[in-house]
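Let's take a walk through this one together, going from the metal-binding and charged contacts out to the surface. Keep the viewer open as you read.

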Amino acid sequence: MKTFIKERGLAFFLIAVVLLWIKTYVGYVLNFNLGIDNTIQKILLFVNPLSSSLFFLGFGLLFKKKLQQTAIIVIHFLMSFLLYANIVYYRFFNDFITIPVIMQAKTNGGQLGDSAFSLMRPTDVFYFIDTIILIILAIKVNKPAETSSKKSFRIVLASSILVFLINLAVAESDRPELLTRSFDRNYLVKYLGTYNFTIYDAVQNIKSNSQRALADSSDVTEVENYMKANYDVPNNVYFGKAEGKNVIYVSLESLQSFIIDYKIDGKEVTPFLNKLAHDNETFYFDNFFHQTGQGKTSDAEFMMENSLYPLAQGSVFVNKAQNTLQSVPAILKSKDYTSAAFHGNTQTFWNRNEMYKAEGIDKFFDSAYYDMNEENTKNYGMKDKPFFKESMPLLESLPQPFYTKFITLSNHFPFGMDEGDTDFPAGDFGDSVVDNYFQSAHYLDQSIEQFFNDLKKDGLYDKSVIVMYGDHYGISENHNKAMAKVLGKDEITDYDNAQLQRVPLFIHAAGVKGEKVHKYAGDVDVAPTILHLLGVDTKDYLMSGSDILSKEHREVIPFRNGDFISPKYTKVSGKYYDTKTGKELDESEIDKSEDSLVKKELEMSDKIINGDLLRFYEPKGFTKVNPSDYDYTKHDEDSSETSTDDEDQ
Ligand code: GP9
Ligand code: MN
């Protein structure tokens with residue numbers, strides 16, 4: 001260590017590190033609204049620029065003499081530039097620069113350059129003053145190192161990696177699966193910093209671009225043949241029966257089917273949904289399974305809108321938003337539908353602001369449109385009751401027919417509601433997460449009832465198809481002990497766990513008689529079902545799903561990890577069970593055709609997504625989506641609601 005400190009030129013390096021570190025931290029605090037909500041996050045925000053400063057500037061030490069100082073200055077400048085570019089970008093978009101954004105800026109010509117200039121301020125000189133200080137130091141004061149400092153480089157590299165690993169470990173403990181789930185750029189920057197985020201983003205892009213680059217138009221033929229052979233002829237009884245109606249999707253956060261008709265202290269947890277499950281105006285599907293992967297809510301949205309499986313790793317919304325898609329909102333454009341998404345959270349979460357553009361969603365009412373005061377919000381954003389209330393005028397302002405989706409939030413892990421939000425009794429199963437779930441599910445149920453009443457009041461109810469689905473499980477396997485008590489079982493086995501992936505699906509189509517449907521189905525099946533009800537034939541589209549109301553509906557439901565469930569078999573972790581009895585089956589007695597089908601299903605969908613094959617495919621009557629036609633920045637004339645964003649700066 002002594003020799004390390006003694007080496008000539010090292011003082012210069014250390015000054016550069018400290019300057020960049022402190023400047024970056026100040027830059028974060030003054031410019032980014034990262035939602036820091038605990039001490040760990042505060043500490044991480046301060047520490048994270050240190051490892052990057054050490055790591056990148058450390059490469060300067062590989063050079064000799066004057067070149068070493070020049071290299072350090074150049075790296076220092078480039079990093080300052082990256083920080084500053086993010087700051088300017090954030091001032092308008094409330095988001096961070098990603099590689100796809102840079103590519104998009106290229107195709108958009110000089111537009112970004114012009115608007116970037118208008119976002120710069122004279123005080124921004126601050127972000128380059130330290131680079132200037134370094135230049136002056138190099139010229140006037142400091143003597144350059146005689147030799148390249150390979151040893152120092154190694155020490156610096158090792159310490160920067162150590163600081164980074166500690167940073168990452170603490171970040172992961174505060175936010176598990178931070179890197180693999182990659183939910184929000186805000187989160188990545190909050191925990192790891194802008195520099196690490198850029199590296200992360202570049203790696204993700206290289207990975208996905210190489211698969212895309214290797215694909216060509218001939219690859220689409222195999223997928224097309226497979227999917228067209230699997231197309232299910234629509235059922236005459238239902239085809240077109242909801243033609244011209246509005247479409248309202250509701251994502252029921254974390255709602256699992258076991259909650260339907262469940263009672264706590266003799267009281268129904270979800271009385272309103274229970275009524276829908278039993279009336280003869282609503283289709284209720286009691287063997288419907290979520291098929292989401294790491295992208296959770298966003299994976300469910302992706303399947304609902306594209307009828308393709310999500311990715312095996314990471315979120316398709318985050319990783320493939322640059323793909324060409326033929327999504328339901330875009331398909332409905334040919335029938336003059338306007339589309340809109342409603343969600344009381346920031347628009348960057350799950351990269352929705354980018355993906356929705358690729359899906360051709362016209363409007364995105366995100367947190368900027370809602371009164372996000374403390375009483376109205378909990379963890380990620382709006383509580384469901386004020387969310388639906390405040391959504392009504394926005395919904396009513398849309399031209400009809402419309403395609404809309406509402407993403408609810410308050411029934412999200414860890415489920416605890418605020419005092420006064422519910423008087424429903426908590427469960428008593430010795431696990432606070434499970435116990436709270438009943439209260440927040442009850443609150444969600446009441447919010448849906450309120451929404452239905454408002455739709456009835458303004459006449460939209462009779463003009464709409466309402467589709468509601470549980471987006472994914474709410475209670476993970478970590479709570480199996482309490483779940484066994486909830487279900488009155490001795491234990492939750494792998495087989496039980498697969499059964500617990502049932503989520504409720506309701507379809508209420510005004511004027512169409514409904515019933516309880518026991519057919520097995522999954523997320524990818526909803527899009528063809530709804531399109532057929534609306535009178536749009538899906539035969540020309542490349543979709544993985546199978547219309548649930550078709551007589552030919554396929555009842556084998558793949559899970560994203562390759563397991564599956566059908567009325568016959570439940571396959572979990574390589575073992576087969578009889579779905580009816582739960583009895584484990586000997587592999588030799590299994591008919592493997594369902595297994596092969598599941599593999600093929602996932603493989604074909606993955607080919608489309610990883611190869612971005614829809615760019616080579618043109619369905620009849622479909623107008624290609626151009627994402628740059630869409631803009632979700634809230635401008636004042638959009639609504640009279642107050643916005644907390646400073647997009648007008
Ligand atoms: C956040 C919401 C919840 O916007 O979609 O995300 P989840 O963790 O359920 O995917
Ligand atoms: Mn969710």
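A salt bridge here means a side-chain nitrogen of Lys or Arg within 4 Å of a carboxyl oxygen of Asp or Glu. Keep in mind that this is a predicted model.

With that cut-off, Lys 457 and Asp 454 make the grade: their closest N and O atoms are 3.4 Å apart. Both residues sit in helix 18 (residues 432-457), three residues apart, or about one turn of the helix. The two partners have quite unlike surroundings, though. Lys 457 is exposed, at 70% relative accessible area, while Asp 454 is buried, at 10%.

How many salt bridges does the structure hold? The count is 26. Some of them reach across the sequence. Take Lys 335 and Glu 243, whose side chains meet at 3.2 Å, N to O. Lys 335 is in the loop between helix 15 (328-331) and strand 6 (338-343), and Glu 243 is in the loop between helix 11 (219-229) and strand 1 (246-252), so this pair links distant parts of the chain, 92 residues apart. Lys 335 counts as partly exposed at 32% relative accessibility, and so does Glu 243 at 49%.

Now look at Asp 540 and Lys 620, which form a salt bridge at 3.9 Å, N to O. Asp 540 belongs to the loop between helix 21 (526-533) and strand 15 (557-558), and Lys 620 to the segment after helix 22 (593-611), so the contact ties together parts that are 80 residues apart in sequence. Here the acid is the buried partner, with Asp 540 at 18% relative accessible area, and Lys 620 is exposed at 67%. Salt bridges can also share partners: Glu 222, Lys 600, Glu 603 and Lys 607 are joined that way into one network.

On to the metal. Which residues coordinate the manganese ion (ligand 2)? They are Glu 253 (OE, listed twice), Thr 297 (OG1), Asp 471 (OD) and His 472 (NE2), at 2.1 to 2.5 Å. Along the chain, these donors follow the spacing E-x43-T-x173-D-H. Thr 297 lies in helix 13 (residues 296-306) and Asp 471 in the loop between strand 11 (464-470) and helix 19 (480-487), so this pair ties together parts that are 174 residues apart in sequence. Both of these donors are tucked away: Thr 297 is buried at 7% relative accessibility, and Asp 471 is buried at 0%.

What about the geometry? For six octahedral donors, the ideal angles at a metal are 90 or 180 degrees. The manganese ion (ligand 2) has six donor atoms with angles of 55 to 168° among them, and its site is irregular.

Next, swing over to helix 2 (residues 10-31). At 1.5 Å a residue, its 22 residues should span 32 Å, and the end C-alpha atoms are 31 Å apart, which agrees. Its buried residues include Phe 12, Phe 13, Leu 20 and Trp 21. Polar ones such as Lys 23, Thr 24 and Asn 31 are on the buried list too.

Finish on the outside. Ile 40, Leu 162, Ile 166 and Val 170 form a nonpolar patch on the surface, with about 330 Å² of accessible area together. Helix 8 (residues 150-174) gives the patch its largest share, three residues. Val 170 is found in helix 8 and counts as partly exposed, at 30% relative accessibility.

Methods: Residues numbered from 1 in each chain as written. Chains lettered and ligands numbered in written order. Heavy atoms only, no water. Donors = N, O, S within 2.8 Å, 3.2 Å for Na, K, Ca; no water. Tetrahedral: all angles 85-135°; square planar, octahedral: opposite > 155°, others 65-115°. Helix = DSSP H or I, 4+ residues; strand = E, 2+ residues; numbered from the N terminus. Buried < 20%, exposed > 50% of the residue type's maximum accessible area, 1.4 Å probe, protein only. Expected span 1.5 Å × (residues − 1). Patch = residues over 30% accessible without salt bridge, like charges linked within 9 Å, V, L, I, M, F, W, Y side chains within 5 Å. Areas by Shrake-Rupley, 256 points an atom, 1.4 Å probe, with all protein chains shown as cover.
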